[in-house]
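Biologist: Please take a close look at a single part of this model, the packing of its nonpolar side chains, and begin with the accessible surface.

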Amino acid sequence: MIMRNQDQFDTTMEEQDLADNPLVAQNSFEPVEESDAGKGILRTAPTIVVKKDDSVVFEHTLEDFPVHIGRKSTNHIVLDEKNVSRVHAQILMKGDNYFIQDSGSTGGTKVNGEPVKEKEIHTGDSIEIGHFLLQFSSGNPEDERTIFDADDSTVLEDGTEVDDDRTLFYEESVAKLVVMHANSLEGEIFLDENETTLGRDEDADININDKRISRQHCKIWLDGHHYKLTDLGSANGSFVNGQRVSEKSLENGDRIQIGSSQFKFLIESTGVVKKSRMFPIVMGTFAVLGIAAVIFLLSRLLPQFLTQTPHKVILEKLWEQPTTASVSFSPSPGDVNGDGHMDLVIADAGGYVHAVDARQGGSIWNSSLNLEGGPFQCSPLLADINKVDGEFDVVIATSTLGLWAVDGSTRKEIWRGALDSGVPGTPAAADVNYDGTSDIFVGTKRGTVTCFDGRQGNTLWTVSLDAALQTAPRLADMNRDGCADVVIGGNDYRVHVLDGRNGQTIWTFVGTDVPSTAAIADMNSDKIPDVSVITPVEAIVLDGRAGSVLWRWTLPQTARPRSTDPFVPAPPAISDLNSDKTPDVILSTAGGHIYAIDGASDGEACLWDYDVTSSRKTAPALCDLNDDGIDDVIFGDRNGNLTVIDGKDSHLLKQITVSGSIVEMPVIADMNGNGNADIVVISRNKKIVAVETQSPVNTNQIVWNSY
């Protein structure tokens, strides 16, 4: 990371050079002594202390104005990070006052947590730019004002009074859940400051009578100054703004769904104001510098204590189960019979849907739903849409008879939805009409996208796009309205983002080749989901705000499709493999390669290239199997090998051969309820094969599935 202060910027320049440099002073600061009731007050030069991750990076004295801040090396204050714009903001001096002005940055500028275009700043104000926190001091002792403007109506803690002797006031806030839909619950629920558990168990802090909710389903807890939701290995998952999450930071207004219960997360002021004395600036500076020095020494001298020791990866066959006909799509995990254990639902080419006990592989049921309609087109989707028994139901697309919704326990039809053609990928589910039931999204090979009401199967909306679709829909809240939106790609080289409420276009990206199914993750730390796709010639990451290209990575010629190894529109995988707090992109290509692309390099650096002996392999799945804190990469190939490589450097961790060519992406979950990850693959010789590991995950947790 490149950090420069003003001395490095201009100490070797002559006076004329200073005058000619556009970044250097319109105004210059000189120490001034002023009169204050007969006493001299010395105003020193203003300063900025730059922090990152609660550690001081450097301090900068503001001597010449305007002071430019950004990623570009010619700025006075250089913040070398991709989510900082090249010229991000500037500090202005107007008379005796100071102002921060955003320079049209992408990520914006905040003062004390509030987004600003231009704002006067005072001692104690905090400026947020990217992941950096800039603490401002004006150098004027009289400027140590209160952050909170108290008046006669202000309620103070413990009877303290508003005073004018450099007291810092701040307002206390509380977090709560507003019940939108939940059995036996209504109104508002205030959250514990440390941790609040939600579940069906009587010992849960918030007890919810809902069969689809696990006994200990999830928890909401305070991590420093931010609340997070963590799924506790629930069978049916936890959702924030329509997106399934294992852990996610919560923002004011987020919608949370577990089972059929829905809540809105809110943070509100209590009206209680707390106060604390400010340390003198000099003493505070020495304190933070001392802490930074200790942290630096610890990081240099004790790295062995700060790194997790990897565990040995073990792969052993757990069970295998034959199918009636060949299977070309991954199984879908979830509890469909209400016994509290994991099941797998599989659709085969003969028109049969199978439900298999994931613990040992025995059949729960099989049902011929589509013998007259041709083979199934994709993996089944599991979602509770009839709200009768609190268990997963099965939604699946057929070749000619449209969309079928079937009760997961009784196998009875719930509804059918008409489609104009076959589908290229698994449907997706999210509640977009706020009735407490997941609605179903599906795209067709003729280019229509339809949203079906989950309860009754009637059409909420349908949109006809310009060309045939060839990817599965992906869902994420792209426009920050609290509702899931649709991301889907077509044969016309376009990626479409549609509003989940009505199907209207949010944005469209026009590329130069056919895109894969998308992977969704925030790649540039702006809290908006971004879209990553693969084409036959490149990997592309698109900004979720408007669809502009964040970066591209061109595939080597040896990794491009050919007649014997065609392009497969399987999605990339996303995870931070090098611990730099920026997600990286993992992709499987033709020619026997799996690549990891450094997300922080804007597509300019490849972390590693793993060359697979077999040119045909599945899309990658991710799970930290060696318990080193970094996801490992799991895939199968046509030689029947299930392979695990280390996510950090791609060295081989373990490989096992199952019977027959592996045809689809592995599914990873705790299949037998023992708290370890298990892997399930489909082989071309009509078998489902489960492989167990000794790598810990949450009990009954679904780590990786096809949708």
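Modeller: About 30600 Å² of the protein is exposed, and carbon and sulfur atoms supply 47% of that area (Shrake-Rupley method, 1.4 Å probe, with only the protein chains shown counted as cover for residues). The model is predicted, so local features need pLDDT of at least 70 and side-chain atom pairs pLDDT 80 or more, while totals for chains, interfaces and linings use all residues. Residues are numbered from 1 along each chain as its sequence is written, and side-chain values use heavy atoms, without hydrogens or water.

Of the 707 residues, 53% are buried (under 20% relative accessible area; exposed is over 50%, partly exposed in between; 1.4 Å probe, protein chains only). The largest nonpolar core has 34 residues; such a core is a set of buried Ala, Val, Leu, Ile, Met, Phe, Trp, Tyr and Cys residues joined through side-chain atoms within 4.5 Å. Those with the most contacts inside this core include Ile586, Trp608, Leu625 and Ile668. Among the strands (DSSP E runs of at least two residues, numbered from the N terminus) that each supply at least two of its residues are E52 (606–611), E54 (632–636) and E58 (676–683).

Ile668 itself, leaving out residues up to four places away in sequence, touches Ala621, Leu622, Cys623, Ile634, Ala677, Asp678, Ile679, Ile702, Val703 and Trp704 (contact: heavy atoms within 4.5 Å). Apart from this core lies another, of 23 residues, among them Ile77, Leu79, Ile91 and Ile129. In soluble globular proteins, nonpolar side chains tend to be buried together.

Conventions: Helices (H or I, at least four residues) and strands (E, at least two) are DSSP runs, numbered from the N terminus.
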